[in-house]
Amino acid sequence: MANFIDLVKTRRSVRSFDGKGVDPKVLEELKAFAEDITNPYGIKVRFIFLDAKENDLSSPVLTGEKCYVSAVVAKGEHMEEAYGYSFQKLLMKAHELGLGTVWIGGTMPREKFEKASCLQEGEVMPCVSPLGITAKMSIKENLMRKGVKADWRMKFEELFCIGNFGKPLDERYAKENGLFDDLEAVRFAPSAVNKQPWRIVIDEHSAMFFEKHDKGYITPDYDLQKIDMGIAMYNFETQMLSEGKKPELILDAPDITVPDGMDYVATYTF
Ligand SMILES: Cc1cc2nc3c(=O)[nH]c(=O)nc-3n(C[C@H](O)[C@H](O)[C@H](O)COP(=O)(O)O)c2cc1C
């Protein structure tokens, strides 16, 4: 694998494609990779590769895409974290293979995608992504990025704390404690409407992940921002592994005061 943090920092949402589709060999490699994707929750996420024309699929925010991948999961506890983790693993592999992608959780004709994905009773399909070769950004794409301030990320001290929520963690602390790239991998993660809901409290060899809720992201079936949490967890864990650390996921809510509107999600020990 290429240096993971470089992959994280060179990834961006791609909404303009060259109109030529994906090289069949590359698509086969990605499909084979998808078969073996697992996540720390042991929850199966099913990937469906869809030809846009055959299935009459499109999205108002995209141009030039010929192919999509959708992801389906059975409803249940922790499905969102598992979903975000597994789908991010696939999309980072696509990026490594030279393909552009973008998480699409809202701007799509949902019924069409669900039908094409053969969604069953008891399952959800929160997101899809196009797959293709990146083209020059359209004016529309440029405007969209400006609208959500897509290139902006919150500072370390706004996202991360030491020991409890009262003590912000800055870049210097991260560097001195060998955590800089691990936390950068979270900061650079994609999130719905770039809300960046991830908050992490570092306590010695634990990273406790919390979700800071914004209004309007919990649907009757799932919490979109909890999918953001799974994405960040994948990036954090993969960066740690690439540095030879041994991150392990545990679920054990710490006994600390948690600000209103925030929920505990999971802890990595390392
Ligand atoms: C769960 C999720 C859902 C998203 N849904 C959409 C969407 O419906 N339409 C869209 O254009 N972008 C969508 N995005 C992309 C975000 O807007 C994008 O990741 C964010 O603005 C940061 O930009 P970047 O990915 O280029 O770093 C979604 C991202 C995530 C993680």
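Helices here are DSSP runs of H or I with at least four residues, numbered from the N terminus. Keep in mind that this is a predicted model.

**Exercise 1.** Find out which helix gives the most to the shell around the ligand, and where the shell lies relative to domain 1 and domain 2.

*Solution.*
- Start with the residues that come nearest: out of 22 around the ligand, these are Ser13, Trp103, Gly105, Gly106 and Pro190.
- Next, look at the helices. Helix 9, residues 224–242, contributes the most, with four residues.
- Now sort the shell by character: 14 residues are nonpolar, six are polar and two are charged.
- Finally, check the domains. Domain 1 (4–142) and domain 2 (156–269) each supply residues to the shell, so it sits between them.

**Exercise 2.** Work out which strands stand at the edges of the five-stranded sheet.

*Solution.*
- Write down the strand order: 5-6-7-9-8, in an open sheet with mixed pairing.
- Go to the ends of that order. Strand 5 (160–162) and strand 8 (248–250) have a single partner strand each, so each has one side without a neighbour in the sheet.
- Add the twist: ignoring direction, neighbouring strands are turned by 25 degrees against each other on average.

**Exercise 3.** Describe how strand 6 and strand 7 are joined, then place helix 9 on the sheet.

*Solution.*
- Recall that strands of a sheet pair through backbone hydrogen bonds, parallel or antiparallel.
- Strand 6 (198–203) and strand 7 (206–212) run antiparallel, with six bridges between them.
- Pick out one pair: Arg199 is opposite Phe210 in strand 7.
- Now bring in the helix. Helix 9 lies across strands 6, 7 and 9 (262–269), at about 155 degrees to strand 7.

Note on methods
Residues numbered from 1 in each chain as written. Predicted model: local features only at pLDDT ≥ 70, side-chain atom pairs only at ≥ 80, totals over all residues. Near = placed C-beta within 6 Å. Helix = DSSP H or I, 4+ residues; strand = E, 2+ residues; numbered from the N terminus. Nonpolar A, V, L, I, M, F, W, Y, C, P; charged D, E, K, R; others polar. Domains from an automatic or database assignment. Pairing = 2+ DSSP bridges. Axes fitted to C-alpha atoms, helices over the stretch in contact; angles between N-to-C directions. Contact = placed C-beta atoms within 7 Å.
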